[in-house]
Amino acid sequence: MSIVEQAVRRLEELRRSGIEPPAGTVRPPTASQPAAQPPAPAQGEAASPRQKPQVPSEPPASGKASRTVNIDLGALAAAGYLTPETPRARIADEFRVVKRPLLSRMEANANRPGSNLLMVSSSLPGEGKTFVSVNLAISLAMELDKTVLLVDADVSRPSVLKRLGLPQAPGLLDLLTDPAVGVSDVLLRTNIPKLSLLPAGRQHGRATELLASEAMRRLLDELSNRYADRILLFDSPPLLPSTESRVLATRMGQVLLVVEADKTSQKTLEQALATLEQCPDVSLLLNKISRSEVGSYYGYYAPDEA
């Protein structure tokens, strides 16, 4: 037995006898007092083989990567939609005309909360608001310094994913009803650069109350403030048959109201505009005009769809 071992053994015997060792004496380790760890190696030195390397903690749930989905761009173009592969198509030029004043107003009101929140709606179903939402989102994503989150807020009749050839998935309503669901759990990144999707999610009987809730306000604040270059574009339900879009409009920076040419009456349009009195900025877009008239109106042609 070495001298050190004999000393440690003697100190242990003294401690058991109730005799405290002299001050400054190093005590042997006990169950409640773990042995001192060897000093960490200096910078640049290799760690001792007996030292266990430090393992970083797991990232929080909010740090999880979002799921990526692939949109069939060929099928999308064949259906009459804008794609990044056809930047000089006529529809691309038309949406450049549409988006420019919207972007100008966002920049002018950049210091106002919610200035990057844009809602697309219509008075009645079938006027082309989802067609406009998808094309406008893709056009905005083609800006050099903008990213776009397209939110399917038509929670009773969601159609954004269907138009893009994607299966339905959890989304907005799941975020508002399940505290365990985080944004990264339902956000879908796409193969269109700088375009992400937030589906409508699971249908809920109290959708209107959910869109008007404090949870929705917090979600909008989080989404709009997380990235300075992000535009949130909401495809909302038509204004007159439902109340969800009227509630949502009160939280928007801008509303783009799609009007079907030669069909939407002036009275219907006036009723729809009356529901948007609390929104600070409302623009009108004339849709489904004949191609021969495109040069004469602020609008463009779109297929006969919602």
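What is the mean pLDDT of the protein, and what share of its residues reach 70 or more?

**View 1. Confidence across the predicted model.** This is a predicted model, and its mean pLDDT comes out at 80, with 74% of the residues at 70 or more. Two stretches deserve a careful eye. Over residues 21-62 the pLDDT drops below 50, and beyond near neighbours in sequence this stretch has 15 contacts in the model. Residues 292-304 are also below 50 in pLDDT, and that stretch has 36 contacts beyond near neighbours in sequence.

**View 2. Strand β7, wrapped up by its surroundings.** Here we're looking at residues 254-260, which make up β7. Seven of the seven are buried, so the strand is largely enclosed by the rest of the structure. Both faces are covered. On one side sit Q254, L256, V258 and E260, and on the other V255, L257 and V259, all of them buried.

**View 3. β2 alongside β7.** Strand β2 takes in residues 117-122 and runs parallel to β7, with five bridges joining the pair. For a handy landmark, find V120: it stands opposite L256 of β7.

**View 4. β7 alongside β8, and the helix in between.** β7 is also joined to β8 (residues 282-287), this time by six bridges, and these two strands run parallel. V259 of β7 stands opposite L286 in β8. To get from β7 to β8, the chain goes through helix α11 (residues 266-274), making a right-handed β-α-β crossover.

Definitions and conventions:
Residues are numbered from 1 along each chain as its sequence is written. This is a predicted model: local features need pLDDT of at least 70, side-chain atom pairs count only at pLDDT 80 or more; totals for chains, interfaces and linings use all residues. Side-chain values use heavy atoms; hydrogens and water are left out. pLDDT is the predictor's confidence in each residue, from 0 to 100. Contact means heavy atoms within 4.5 Å. Buried means under 20% relative accessible area, exposed over 50%, partly exposed in between (1.4 Å probe, protein chains only). Helices (H or I, at least four residues) and strands (E, at least two) are DSSP runs, numbered from the N terminus. Two strands pair if DSSP finds at least two bridges between them. A crossover is right-handed if, with the strands pointing away from the viewer, the path from the first strand over the helix to the second runs clockwise.
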